[in-house]
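User: I'm new to this one. Can you walk me through it?
Analyst: Sure, here it is.

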Amino acid sequence: MPSSSKEQARTAYERNGFYLVQEPIFPDELLRRAVDGMEAIRRGEYDTGLPPQPSPWNPGDDPNTLCKIEQPQFASHAIRELLRYPALGEWAAALTGASMVQAWWVQLLVKPSTADPEKKTNIGWHQDRHYWGIWEDGSELFTAWIALSDVTEESGPMRFLRGSHKLGYRQQGDFYEQDLEAQREGLRLPESEAVEEVAAILPPGGVSFHDRLTFHGSGPNRSGSPRRSLAVHLRTQNSRPVEDKRAGLAQFIDDPELCPFIYGE
Ligand SMILES: O=C(O)CCC(=O)C(=O)O
């Protein structure tokens, strides 16, 4: 990427609290193997010999509910390779100006296509910071959300509230809330801040990046095929676990095989 476009991308990321890379940054063949790896994990097959971490969705669970599996890279060589693909770290560093970027936690997400609201496939409005109390306040933390299927308006794309990262930590929001409209009404954002909702429309291999304070959520998938992604939670050199403890979501950061440094180091 020429340095002038990098600078523009960084300025847009800082202004909006998210950035969409709407062209594939991974080779097709690697994407195909990563999708196969995701499906193997969903069947309980782990080619590394290691299982993922305890997860809300487990092999054999209803395929028509939201599938969320924690640390899938533990269990799949192809997913490990995808995380290490240089363009991912290069984008992460370009947007933040970081000298080091580490992938410290990953979530596999499959949102099935269903018209049944009982299946609870929505993801409620939230700021990731709400779930990341293990990190010292002010730590530079963000997410790369890798699309592994075509993410269209019909497939329940992630939606961002533009500029909401500037509102600071609001101590509101819930990943598991299903009624996004009512929840958004109740967010109690300052009236002076008109926040616009932006859908993260992405091709397979496209990536969206968002700040830990940017409100986001997603509605139902009505596309007829599953929406597949990996949410890769990242940190820069400007981050530290509380009391430097290796606990909770920060427990694996000293293991670069499982939590790779994707830029610098
Ligand atoms: O996949 C979604 O719709 C939301 C994912 C999410 O909350 C995240 O990546 O932080």
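User: Which strands each supply at least two residues of the shell around the ligand?
Analyst: This is a predicted model. In it, β4 (123-126), β5 (141-147), β9 (216-218) and β10 (227-236) each give at least two residues to that shell.

User: And which residues come nearest to the ligand?
Analyst: The ligand has 13 residues around it. H126, W145, H216, S218 and R227 come nearest.

User: How do the residues of the shell divide: nonpolar, polar, charged?
Analyst: Six are nonpolar, five are polar and two are charged.

User: OK, polar atoms. What lies 2.7 Å from an oxygen atom of the ligand?
Analyst: An N or O atom in the side chain of R227.

User: How far is the polar side-chain atom of H216 from a ligand oxygen?
Analyst: It lies 3.0 Å from an oxygen atom of the ligand. D128 also has a polar side-chain atom by a ligand oxygen, at 3.2 Å.

User: How much of the ligand's accessible area does the protein cover?
Analyst: The protein covers 99% of it. On its own, the ligand has 290 Å² of accessible area.

User: Where does the ligand sit?
Analyst: In the largest pocket.

User: Switching topic. How many helices and strands does the protein chain have?
Analyst: Five helices and eleven strands.

User: What does the C-alpha trace span?
Analyst: About 50 × 45 × 40 Å along the principal axes of the protein chain.

User: What radius of gyration does the chain have, and what would a compact globule have?
Analyst: The protein chain has 17 Å. With 265 residues, a compact globule would be near 18 Å, so the two agree.

Conventions:
Residues numbered from 1 in each chain as written. Predicted model: local features only at pLDDT ≥ 70, side-chain atom pairs only at ≥ 80, totals over all residues. Heavy atoms only, no water. Near = heavy atom within 4 Å. Polar contact = N/O pair within 3.5 Å; in protein donor to acceptor, adjacent residues only side chain to side chain. Areas by Shrake-Rupley, 256 points an atom, 1.4 Å probe, with all protein chains shown as cover. 1 Å grid on protein atoms, 1.4 Å probe; cavity = no way out; pocket = protein on both sides within 12 Å on 5 of 7 lines; lining within 4 Å. Sits in = over half its atoms within 2 Å of the grid points. Helix = DSSP H or I, 4+ residues; strand = E, 2+ residues; numbered from the N terminus. Nonpolar A, V, L, I, M, F, W, Y, C, P; charged D, E, K, R; others polar. Rg over C-alpha atoms; globule rule 2.2 N^0.38 Å.
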